[in-house]
Amino acid sequence: MELSVHRLRMLRELHRRGTITAAAAALHYTASAVSQQLAQLERDVGAKLFERLGRRVQLTELGMLLTEHAEEILGAVERATVALEEAQETQTVRLTAGVWASVASGLLPTALASLAAEHPGIKVHTRELAPEETPDAVRDGSLDFSFVIDYTDAPTPWDNGLERVAVAVERLHAAMPAATASTGTVSLSDLADQPWILASPRSHFGRAVRVACQRFGFEPTIYHEVEEQATAMAMVSAGLGVTLVSDLGLTLRPPGVDIVPLSTPVMRTVSVAYRRAALRRPALRLVIDAVRAAAAEIGLGASATVPG
């Protein structure tokens, strides 16, 4: 019997998610592809591993047994990868990172250019996901690490199976149509009667901004619900409302938008999330160092240290 690590990862994710569709979404495959691979795994094993109960899937006793061993096997694969990298004098490693737009535009160009100059064997590939989606993708092995956000006004629930290290600290600023700000700073309460352009409350950003506004005694009136800061600022430029934008998001600002500091700061911390065993990988430590250096270069450095 030959067991595919790739198929074992799919079985593990099926156990976690409960449906083939959810497992496929987490692993970034089609449901059909996952279904075919799991069917092949059953043929490899020569036994039924799961059964359908309506829309959900339940593992059989043998399926549960194999899933328990899959956790050990996948953990051993990661530990072997770490050991091999530690033993190599020169790093020739590929890492896949979960990013979002402002990190990809504001931090990664400098960080990856520096990394390429000093450690050309380390190749970082990126996959753009919503910040809310990246921790799960790290945990299930789809990503080696990801960027995550934590807001002072709305702390993010954390997955105890992951570790994180802060790489940047950002402020949020008011983004207003050009020539509409009357002072050098603005309070959130000054924006209470404005039409707002904001992400949905399902997102960390949208939820954190709403909580900050509530702290100042009002609910923002949302005229346009959009998820990306770049899209929101384009609408601000057209005079359609106001929004908040982070330091890194300023790299995406179009003409016709005034950026005004908030008199009472709203802060957020950008961190790198990774599986516990992964930080032993020298390549990951070098990537984190490069990102933190890039953040410090533009005045957004975090005080946290990378664990030894």
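Here are some exercises with worked solutions on the predicted model shown above.

**Exercise 1: the two sides of a helix**

Take helix α2, residues 20–27, and work out which of its residues are buried and what they pack against.

*Solution.*

Step 1. Start with the buried residues of α2: they are Ile20, Ala23, Ala24, Ala26 and Leu27.

Step 2. Now look down the helix axis. These residues cover an arc of only 160° around it, which puts them on the same side of α2. It helps to recall that an α-helix has 3.6 residues a turn, so residues three or four places apart point the same way.

Step 3. Turn to the face that looks away from the buried side, and you'll find the exposed residues Thr21 and Ala25.

Step 4. Go back to the buried residues and check their partners. They pack against α1 (5–17), α3 (31–45), β1 (50–53) and β2 (56–59).

Step 5. Finish by stepping just past the end of α2, where histidine 28 takes a positive phi of about 65°.

**Exercise 2: rings that pair up**

Find out how many aromatic pairs the structure holds, then describe the one formed by tryptophan 100 and phenylalanine 147 and the one formed by tyrosine 151 and phenylalanine 205.

*Solution.*

Step 1. The count comes to three aromatic pairs. To describe a pair of rings, you give the distance of the centres and the angle of the planes.

Step 2. For tryptophan 100 and phenylalanine 147, the centres are 6.5 Å apart and the planes stand at 90°, an edge-to-face pair.

Step 3. Next, place these two in the chain. Tryptophan 100 sits in the loop between β3 (93–99) and α5 (101–106), while phenylalanine 147 belongs to strand β5 (residues 145–151); the pair links distant parts of the chain, 47 residues apart. Both residues are buried.

Step 4. Move on to tyrosine 151 and phenylalanine 205. Their ring centres are 6.4 Å apart and their planes are at 55°, so this pair is tilted. Here too distant parts of the chain are linked: tyrosine 151 is in strand β5 and phenylalanine 205 in helix α8 (residues 204–215), 54 residues apart.

Step 5. Are these two rings buried or exposed? The cut-off for buried is under 20% relative accessible area. Tyrosine 151, at 2%, counts as buried, and so does phenylalanine 205, at 11%.

Step 6. Lastly, see which rings join into a group: ring pairs link Trp100, Phe145 and Phe147 into a cluster.

**Exercise 3: the nonpolar cores**

Say which residues touch the most other members of the largest nonpolar core, and where its largest share comes from.

*Solution.*

Step 1. The largest nonpolar core has 53 residues, and those touching the most other members are Phe145, Phe147, Leu188, Trp196 and Leu244.

Step 2. Helix α10 (residues 282–297) gives this core its largest share, eight residues.

Step 3. Apart from this core lies another one, of 16 residues, including Ile20, Leu38, Leu41 and Leu49.

Step 4. Zoom in on phenylalanine 145. Leaving aside neighbours within four places in sequence, its contacts include Leu95, Val124, Val138, Tyr274, Leu284 and Val287.

**Exercise 4: two residues to compare**

Decide whether serine 102 and glycine 239 are buried, partly exposed or exposed.

*Solution.*

Step 1. Serine 102 lies in helix α5. With a relative accessible area of 1%, serine 102 is buried.

Step 2. Skip its neighbours within four places in sequence, and serine 102 still has contacts, among them Gln229, Ser246 and Arg268.

Step 3. Glycine 239 is found in the loop between α9 (229–237) and β9 (243–246). At 48% relative accessibility, glycine 239 counts as partly exposed.

**Exercise 5: empty space**

Find the volume and lining of the largest pocket, then do the same for the largest cavity.

*Solution.*

Step 1. The largest pocket holds about 740 Å³ of space.

Step 2. Its lining consists of 30 residues, and Arg9, Asp140, Gly141, Ser142 and Arg275 lie nearest the centre. The largest share of this lining, seven residues, comes from α4.

Step 3. As for cavities, a search of the whole structure finds one of 30 Å³ or more. The space in the largest cavity is about 30 Å³.

Step 4. Among the residues lining the largest cavity are Leu198, Phe205, Gln229 and Leu244. The elements giving two or more residues to this lining are α9 and β9.

Technical notes: Residues are numbered from 1 along each chain as its sequence is written. This is a predicted model: local features need pLDDT of at least 70, side-chain atom pairs count only at pLDDT 80 or more; totals for chains, interfaces and linings use all residues. Side-chain values use heavy atoms; hydrogens and water are left out. Buried means under 20% relative accessible area, exposed over 50%, partly exposed in between (1.4 Å probe, protein chains only). Helices (H or I, at least four residues) and strands (E, at least two) are DSSP runs, numbered from the N terminus. The arc is that of the directions from the helix axis to the C-beta atoms. Contact means heavy atoms within 4.5 Å. Rings of Phe, Tyr and Trp (its six-membered ring) pair if their centres lie within 6.5 Å; planes under 30 degrees apart count as stacked, over 60 as edge-to-face and the rest as tilted. A nonpolar core is a set of buried Ala, Val, Leu, Ile, Met, Phe, Trp, Tyr and Cys residues joined through side-chain atoms within 4.5 Å. On a 1 Å grid over the protein atoms alone, a cavity is a set of points where a 1.4 Å probe fits but cannot get out, and a pocket is an open set with protein on both sides within 12 Å along at least five of seven lines; lining residues have an atom within 4 Å of a point. Grid points are joined across faces, edges and corners, and a volume is the space filled by probe spheres set on the points.
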